[in-house]
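These are my notebook entries on one protein structure. I record what I looked up, entry by entry.

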Amino acid sequence: MARRKRVSVGGGGSAEDDVNLTPMLDVVFILLIFFIVTAQFIKEPGVPIVRPEVDNKAQVRPLAILIGIDKNSDIYIDKKKVNADEIGFIFKQLREDNPKGEVVVQADVDAEAEVLVDVMETINKIDGATVINISAKRE
């Protein structure tokens, strides 16, 4: 089957003058896939938490193990409410998935300090070398 050349009515150009957009679309899709795969998504505790204000504020990398404690002293991990007894098991699973991730605890100002201390002790029993960061408000 032979290709027929298109006859231009305006008399300006030939069929070879058309711009082929396929390679450009391939590059755009490859860049889109690259940015989606390499993006770091922000983790949220799943409950509204009012964080306390502090003087020393250090930044933590975004790929962290996030534990939230709301004003009713309920504990949330990955937007799921968990019991204090389950924290150790869930933390072990998260540590296997993210061995270099830093631990960040977001405790509400009105949460009981005892719950925060219990969470920190449970994490230290499992992995004593883990640094536990407490999230605070930025000024």
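**Entry 1: Salt bridges**

I searched the whole structure, which is a predicted model, and found two salt bridges.

In one of them, I found the side chains of Asp 127 and Arg 95 meeting at 3.7 Å, N to O. I noted that this pair links distant parts of the chain, with the two positions 32 residues apart: Asp 127 is in the loop between H3 and strand E5 (132–134), while Arg 95 is in helix H2. I then looked up the accessibility of both partners. Arg 95 has a relative accessible area of 15%, under the 20% limit, and is therefore buried. Asp 127 is partly exposed, at 24%.

The other salt bridge joins the side chains of Lys 81 and Asp 74, at 3.6 Å, N to O. I recorded Lys 81 as exposed, because its relative accessibility is 54% and the limit is 50%.

**Entry 2: The chain as a whole**

I counted three helices and five strands in the protein chain. Read from the N terminus, the order of the elements is α-β-β-β-α-β-α-β. The chain has 139 residues, and 27% of them count as buried. I also looked up the exposed surface: it is about 10900 Å², of which carbon and sulfur atoms supply 56%.

I then asked how far apart in sequence the contacting residues are. Among contacts with a separation of 6 or more, 68% are between residues 24 or more positions apart.

**Entry 3: The largest nonpolar core**

I kept one general point in mind: in soluble globular proteins, nonpolar side chains tend to be buried together.

The largest nonpolar core here has 19 residues, and those touching the most other members are Ile 67, Ile 69, Ile 75, Val 103, Val 105, Val 119 and Ile 123. I noted that E1, E2, H2, E4 and H3 each give two or more residues to this core.

I chose Ile 67 for a further look. Ile 67 is located in strand E1, and its relative accessibility of 1% makes it buried. Setting aside neighbours within four places in sequence, I found Ile 67 in contact with Ile 75, Tyr 76, Ile 77, Val 103, Val 104, Val 105, Gln 106, Val 119 and Ile 123. For one of these partners, Val 104, I recorded the C-alpha distance to Ile 67: it is 6.2 Å, although the two are 37 residues apart in sequence.

I made the corresponding search for Val 119, again without neighbours within four places. Val 119 is in contact with Ile 67, Ile 69, Ile 75 and Ile 87.

**Entry 4: Helix H3**

I checked the length of helix H3 (113–126). For its 14 residues, at 1.5 Å a residue, the expected span is 20 Å; the end C-alpha atoms are 20 Å apart, so the two values agree.

Which residues of H3 are buried? I listed Val 115, Leu 116, Val 119 and Ile 123. These residues cover an arc of only 105° around the axis, and therefore lie on the same side of H3. The face turned away from that side carries the exposed residues Ala 113, Glu 114 and Lys 125. I found that the cover over the buried residues of H3 includes E1, E2, H2, E4 and E5.

**Entry 5: Helix H2**

I repeated the procedure for helix H2, residues 87–97, where the buried residues are Ile 87, Gly 88, Ile 90, Phe 91, Leu 94 and Arg 95. Viewed down the axis of H2, these fall within an arc of 160°, so they line one face of the helix. On the face turned away from the buried side, I found the exposed residues Phe 89, Glu 96 and Asp 97. The buried residues of H2 pack against E1, E2, E3, E4 and H3.

**Entry 6: Positive phi angles**

I looked for residues with a positive phi that are not glycine. Ser 73 is one of them, with a phi of about 65°. Ser 73 is in the loop between strand E1 (64–69) and strand E2 (75–77). With 14% relative accessibility, Ser 73 counts as buried.

Lys 79 also has a positive phi, near 65°. I located Lys 79 in the loop between E2 and strand E3 (80–82). Is Lys 79 buried or exposed? Lys 79 is exposed, because its relative accessible area is 58%.

Note on methods: Residues are numbered from 1 along each chain as its sequence is written. This is a predicted model: local features need pLDDT of at least 70, side-chain atom pairs count only at pLDDT 80 or more; totals for chains, interfaces and linings use all residues. Side-chain values use heavy atoms; hydrogens and water are left out. Helices (H or I, at least four residues) and strands (E, at least two) are DSSP runs, numbered from the N terminus. Buried means under 20% relative accessible area, exposed over 50%, partly exposed in between (1.4 Å probe, protein chains only). The arc is that of the directions from the helix axis to the C-beta atoms. Contact means heavy atoms within 4.5 Å. A salt bridge is a side-chain nitrogen of Lys or Arg within 4 Å of a carboxyl oxygen of Asp or Glu. A nonpolar core is a set of buried Ala, Val, Leu, Ile, Met, Phe, Trp, Tyr and Cys residues joined through side-chain atoms within 4.5 Å. The expected span of a helix is 1.5 Å times one less than its number of residues. Accessible areas come from the Shrake-Rupley method with a 1.4 Å probe; for residues, only the protein chains shown count as cover.
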